[in-house]
Amino acid sequence: QVQLVESGGGLVQAGGSLRVSCAASGRTFSVGTMGWFRQAPGKEREFVAAIRWSGSTTTYADSVQGRFTISRDNAKNTVYLQMNSLKPEDTAVYYCAARTDFRTDSRLLVRVDQYAYWGQGTQVTVSS
């Protein structure tokens with residue numbers, strides 16, 4: 001089992017920046033890829049970014065490419081999502097997710113059903 005706890009959400013003005021964190025615990029040695037997803041009111045949960053737990057492979061949704069950066073600190077078992085140039089449409093609950101698979105290319109892991117472990121989410125609100 002892997003437990004995930006997000007933090008760092010909040011209210012920010014459009015154009016501002018925010019960093020959310022995801023602390024992993026439990027069988028973290030089994031994690032192959034970590035991902036960030038988001039869900040706005042009335043919408044389906046959508047992929048934001050993913051990172052290989054070991055190595056540097058990252059992938060991003062087109063809507064956040066160039067504005068968001070995913071990174072990890074293995075010593076702290078923590079994954080971060082740095083969000084810059086925020087827009088009102090980035091408003092959502094942000095979830096981190098973990099997949100315990102080392103074989104699949106992390107760049108292909110962009111669907112909700114590809115991840116087995118989820119955090120409780122953290123609210124990010126961008127005001128116009």
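Which residue in β11 does G10 stand opposite? The answer is V124. This report describes a predicted model, beginning with the strand that holds V124 and moving on to the core, a buried acidic residue, the charged pairs and several loop positions.

## Strand β11 and its partners

Strand β11 covers residues 122–127 and has two unlike faces. T122, V124 and V126 make up the covered face, whereas Q123, T125 and S127 make up the uncovered one. In a regular strand the side chains alternate between the two faces of the sheet.

Two pairings of β11 are described here. Strand β2, residues 10–13, pairs with β11 in the parallel sense over four bridges. Strand β9, residues 92–99, runs antiparallel to β11 and is joined to it by three bridges. The residue V93 stands opposite Q123 in β11.

## The nonpolar core

How many residues does the largest nonpolar core have? It has 36 residues, and those with the most contacts inside it are L4, M34, W36, L81, M83 and Y94. The elements that give two or more residues to this core are β1 (2–7), β3 (18–26), β4 (33–39), β5 (46–52), β7 (68–73), β8 (78–83), β9 and β11.

L81 illustrates how these residues meet. When residues up to four places away in sequence are not counted, L81 touches L18, R19, V20, W36, V48, A49, F68, T69, I70 and Y94. Of these partners, W36 and Y94 are also listed among the core residues with the most contacts.

## A buried glutamate

Residue E6 lies in strand β1. E6 is buried yet has no salt bridge. The nearest side chain of opposite charge belongs to R45, at a distance of 7.3 Å; a salt bridge would require the nitrogen and carboxyl oxygen to lie within 4 Å.

Which backbone atoms does the side chain of E6 reach? It reaches the backbone nitrogen of C96 at 2.8 Å and the backbone nitrogen of G121 at 2.9 Å. Leaving aside neighbours within four places in sequence, the residues in contact with E6 include S21, C22, W36, Y94, Y95, G119, Q120 and T122.

## Charged pairs

Side chains of opposite charge can pair when their charged atoms come close. The count of salt bridges in the model comes to seven. Three of them are set out below, with the closest N and O distance for each.

| Salt bridge | N to O distance |
|---|---|
| E46 and R38 | 2.7 Å |
| D105 and R107 | 2.8 Å |
| D113 and R111 | 2.9 Å |

Salt bridges that share partners join R38, E46, R67 and D90 into one network.

The members of these pairs vary in how far they are covered. R38 counts as buried because its relative accessibility is 6%, while its partner E46 counts as partly exposed because its value is 35%. D105 is partly exposed, at 30% relative accessibility. In the pair of D113 and R111, D113 counts as exposed at 61%, and R111 counts as partly exposed at 45%.

## Loop positions

Where is T104 placed? The residue is in the loop between β9 and β10 (117–118). T104 counts as partly exposed because its relative accessibility is 25%. Apart from neighbours within four places in sequence, T104 is in contact with R52, R99 and L109. With R99 the link includes a polar contact between the two side chains, at 3.5 Å. T104 and T33 are 71 residues apart along the chain, and their C-alpha atoms are separated by 8.9 Å.

Two further loop residues have a positive phi although neither is a glycine. The phi of N77 is near 50°, and N77 lies in the loop between β7 and β8. With a relative accessible area of 23%, N77 is partly exposed. S85 has a phi of about 50° and is found in the loop between β8 and β9. S85 likewise counts as partly exposed, at 42% relative accessibility.

Notes: Residues are numbered from 1 along each chain as its sequence is written. This is a predicted model: local features need pLDDT of at least 70, side-chain atom pairs count only at pLDDT 80 or more; totals for chains, interfaces and linings use all residues. Side-chain values use heavy atoms; hydrogens and water are left out. Buried means under 20% relative accessible area, exposed over 50%, partly exposed in between (1.4 Å probe, protein chains only). Two strands pair if DSSP finds at least two bridges between them. Contact means heavy atoms within 4.5 Å. A polar contact is a pair of N or O atoms within 3.5 Å; within protein, one must be able to donate a hydrogen and the other to accept it, and residues adjacent in sequence count only if both atoms are side-chain atoms. A nonpolar core is a set of buried Ala, Val, Leu, Ile, Met, Phe, Trp, Tyr and Cys residues joined through side-chain atoms within 4.5 Å. Lys and Arg count as positive and Asp and Glu as negative; His and the chain ends are not counted.
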